[in-house]
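Let's take a walk through this one together, from the overall layout down to individual side chains. Have the viewer open and keep the sequence handy.

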Amino acid sequence: MASHHTYKATIKKLPETSEVEIKSEISAKEFDAAIADAVSDIQKEVTIPGFRKGAAPEKMVREKVGAGAIVREAAEHGRALANGPVGV
């Protein structure tokens, strides 16, 4: 099943450097999906006492890692979807 994403993205070369600034926007619906993907990815990696790795309840994972870590991971998911992989 093909998915359709619409994004607004701009790439601007920063003056006097070899760096670029990338700005992208995704819809709230697509960001919600990115949040869900981020939680799932983090859930696979986090260790919470009393649970096998990857088997802790989502609520406990959210409490352990915090909203900031989830939003950062979701932003990376959204950025990757909008702009494709960025090489170093």
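What follows goes from the chain as a whole to the hairpin, then to the helices and the salt bridges.

Keep in mind that this is a predicted model. The chain has two helices and two strands, and from the N terminus on the elements run β-β-α-α. Of the 88 residues, 20% count as buried. The accessible surface comes to about 6,600 Å², with 56% of that area belonging to carbon and sulfur atoms. As for contacts, take those in the chain with a separation of 6 or more: residues 24 or more positions apart account for 40% of them.

Start with the strands. β1 covers residues 8-13 and β2 covers residues 20-25. They pair in the antiparallel sense over six bridges. If you want one pair to get your bearings, look at Thr10, whose bridge partner in β2 is Lys23. Together β1 and β2 form a hairpin, with six residues between them.

Now swing round to the turn of that hairpin and find Glu16, which sits in the loop between β1 and β2. What is the sign of phi at Glu16? Phi is positive there, near 60 degrees, in a residue other than glycine. That deserves a second look, because most residues other than glycine have a negative phi. Glu16 is also exposed, with a relative accessible area of 85%.

Back on the strands, there's a nonpolar patch on the surface. Which residues make it? Ile11, Val20 and Ile22 do, and the patch amounts to about 270 Å². Ile22 belongs to β2 and, at 33% relative accessibility, counts as partly exposed. It can join the patch because residues in a patch need over 30% relative accessible area, and Ile22 has 33%.

Next comes helix α1, residues 28-45. Pick out Gln43 in this helix. Is Gln43 buried or exposed? It counts as buried, because its relative accessibility is 19% and the cut-off for buried is under 20%. Leaving aside residues up to four places away in sequence, Gln43 touches Gly54, Ala56, Pro57, Glu58 and Val61. Two of these names, Glu58 and Val61, are worth following into helix α2, which spans residues 58-83.

That leaves the charged pairs. Side chains of opposite charge can pair when their charged atoms come close. How many salt bridges does a search of the whole structure find? It finds three.

One takes us back to the hairpin: Lys23, the bridge partner of Thr10, meets Glu21 in a salt bridge at 3.9 Å, N to O. Glu21 is partly exposed, at 29% relative accessibility.

Another joins Glu45 and Lys53, again with 3.9 Å from N to O. Glu45 counts as exposed at 55% relative accessibility, and Lys53 counts as exposed at 52%.

The remaining one is between Arg62 and Glu58, with 2.9 Å from N to O. Why does the spacing in sequence suit a look along the helix? Being four residues apart in α2, Arg62 and Glu58 are separated by about one helical turn. Both count as partly exposed: Arg62 has a relative accessible area of 34%, and Glu58 has 38%. Glu58 is a residue you've met before, as one of those that Gln43 touches.

Terms used: Residues are numbered from 1 along each chain as its sequence is written. This is a predicted model: local features need pLDDT of at least 70, side-chain atom pairs count only at pLDDT 80 or more; totals for chains, interfaces and linings use all residues. Side-chain values use heavy atoms; hydrogens and water are left out. Patches are made of residues with over 30% relative accessible area and no salt bridge: like charges are joined within 9 Å, nonpolar side chains (Val, Leu, Ile, Met, Phe, Trp, Tyr) within 5 Å. Accessible areas come from the Shrake-Rupley method with a 1.4 Å probe; for residues, only the protein chains shown count as cover. A salt bridge is a side-chain nitrogen of Lys or Arg within 4 Å of a carboxyl oxygen of Asp or Glu. Buried means under 20% relative accessible area, exposed over 50%, partly exposed in between (1.4 Å probe, protein chains only). Contact means heavy atoms within 4.5 Å. Two strands pair if DSSP finds at least two bridges between them.
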